[in-house]
Amino acid sequence: MNQNNSSQEASQQDPLFPHRQGLGLSEQELHRRQALNQLRALGIDPYPSAAFHRTHSTQDIHRDFKDVEVDSWSSVSLAGRLMSRRIMGKASFAELQDSTGRLQVYINRDELCPGDNKDLYNEVFKKHCDIGDWVGVRGRIFRTQVGEISIHVEEFVFLSKALRPLPVVKRDEQGRVYDGFTDPELRYRMRYVDLVVNPEVRQVFMLRSRMIELMRQFFNRHGYLEVETPVLQPMYGGASARPFKTHHHTLDMPLYLRIANELYLKRLIVGGFEGVYEFARDFRNEGMSRFHNPEFTMLELYVAFQDYHWMMHQTEALLEEMAVALHQQTALKVGPHTIDFKAPYRRVTLYDSISEKVGVQVDDLDETALRQLAQKYRIETDVSMGRAKLLDALFGELVEPNLIQPTFVTDYPVEMSPLAKVHRDKPGLVERFELICNGKELANAFSELNDPLDQRDRFEAQLALGLRGDPEAMMLDEDFLRALEFGMPPTAGIGIGIDRLAMMMTNSASIQDVLFFPQMRPERHDG
RNA sequence: GAUUCCGUAGCUCAGCAGGUAGAGCAAUACACUUUUAAUGUAUGGGUCCUGGGUUCGAAUCCCAGCGGAAUCACCA
């Protein structure tokens, strides 16, 4: 009986798509494949190679012909994806979408097909053309009775046939959305579809791109050099995090995907560059959340002969300029808050920020007193936590979430900052700031440690932590120490979380909304 | 990693006192030469996430798994 079944299948097999047999296509997919066959039967190539010459984008037409008189309107050609069709017998309206927007086109049977053969309208357009297809049109611009700028189509060509149906999202005059494509999983897994049907998604990524471009212009204007440093590193460093580990076959050695590029950029400062920056893709093998993706982008910048005070000025200047360039104002709506990026930002020391909150000056409290304070606020502690970790916990629980407006928190305990220079006049602290905004860390910066002997001591302290079981303790990087021993000028450095900044600049609630392809579990394909 | 919620047509969703499925849009057919969430008439379309269990009978109840979302914990 199996033989019967298979011969039956073979006889039903579509000769044009033998490899597609038995794939469980939906009715609509089958229909589109049939349309593809029909187009070829009519001598139309559904995937032509020839370039299509466009005279205008949809945006060009909306802009250029907004106030122009009818009789002066000219012939144009444009291309786009067919997003809707309204067929009314011998005439139809359709909407074309290109990268700049949408434009309505009007297709009249007898104008598209002046001769006796009406196939191009009746067959090709009405029957074998579907929402999602890429088409090119040429025709005259006109305004409909309701006043909408449209194209009178005189030529119509297929550019690419879509075999899967696109979710049809409709909007009424008030902009209300009907039948939206909203399932977050589907949107992230099929970002290409999300981008086609949800125009606000395109806006977010265009803003992100402009944001990075603005930063690049800002840094270049100051004379800093954009550089590239290794992603595959024999030794990871520059941050406290668990790395991804991989292996190089020829060298037969382990390699790590970078968790930061700090130590490489400082080597370049040793080498004599006076300002270097890199938009670095970093990788951290840690939890995922609304704020964390395993790979993310960090801007790191190092400038010789400067310190962390200067870096605060530079940072607030950058962010103010960015807000104005992107949104024409410094005050931005972010979730329920309005955040004002106008410089200057508040500066407060780590100690003062905690002291304000708890009503006790914490500067001179010892470990026992800090632990009691933490317990008073029901903050979990454990015996392995030293003074620095306790301060960090107090800050993270009590202060950070409440810092909505941009705030520089300065002067951290030396144990928490193995790459930062000791404070010029506060023993036990380093010259470091974090920029906190909307309750989250947005940037982290120091006067960079350039004393090679101190740096060696700090690394050794990290090694000791590692031996006690801290998985995030840094490795001792001999080559980096060698570089410092050749002499690094005083340097200010900063790391800015680009994804989080993008979330803020685009008012996005999740990091997945500012990454084209956020990390997800593999999709299950049954069978 | 913990907790809560979710998974039904291409899309958005309803259905759940247990009786093997519905709507709108999309699709198909017909009508319609300035519509715009076009309209009218008709039609087709579903492993109800997967696998077990209870039951005469499961989309619905129970268990396990897979996937997703939200909240919480650590890192940016």
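This passage looks at how a protein meets an RNA strand, at one buried residue and at the cavities inside the protein.

The structure is a predicted model, in which local features need pLDDT of at least 70 and side-chain atom pairs count only at pLDDT 80 or more, while totals for chains, interfaces and linings use all residues. Residues are numbered from 1 along each chain as its sequence is written, chains are lettered from A and ligands numbered from 1 in the order in which they are written, and side-chain values use heavy atoms, with hydrogens and water left out.

The RNA is a good place to begin. Around RNA strand B there are 56 residues, a residue being near a strand if one of its heavy atoms lies within 4 Å of it. Those that come nearest are E27, H31, N108, Q145 and H292. Of the atoms of RNA strand B that come within 4 Å of the protein, 54% belong to sugar and phosphate. By class, the surface near the strand has 19 nonpolar, 15 polar and 22 charged residues (Ala, Val, Leu, Ile, Met, Phe, Trp, Tyr, Cys and Pro count as nonpolar, Asp, Glu, Lys and Arg as charged, and the others, Gly among them, as polar).

Individual atoms fill in the picture. An N or O atom in the side chain of H31 is 2.7 Å from a phosphate oxygen of RNA strand B. The bases are met as well: an N or O atom in the side chain of N108 lies 2.3 Å from a base oxygen, and a polar backbone atom of I87 lies 2.6 Å from a base nitrogen. Among the elements that give two or more residues to this surface are α2 (27-41), β1 (75-88) and β3 (101-108), whereas the largest share, five residues, comes from α6 (helices, H or I, of at least four residues and strands, E, of at least two are DSSP runs, numbered from the N terminus).

Turning to a single residue, E278 sits in strand β12 (residues 275-283). Is E278 buried or exposed? E278 counts as buried because its relative accessibility is 4%, and buried means under 20% relative accessible area (1.4 Å probe, protein chains only). The side chain of E278 makes polar contacts with the side chains of T229, at 2.6 Å, and R258, at 3.2 Å (a polar contact is a pair of N or O atoms within 3.5 Å; within protein, one must be able to donate a hydrogen and the other to accept it, and residues adjacent in sequence count only if both atoms are side-chain atoms).

Note on methods: Buried < 20%, exposed > 50% of the residue type's maximum accessible area, 1.4 Å probe, protein only.
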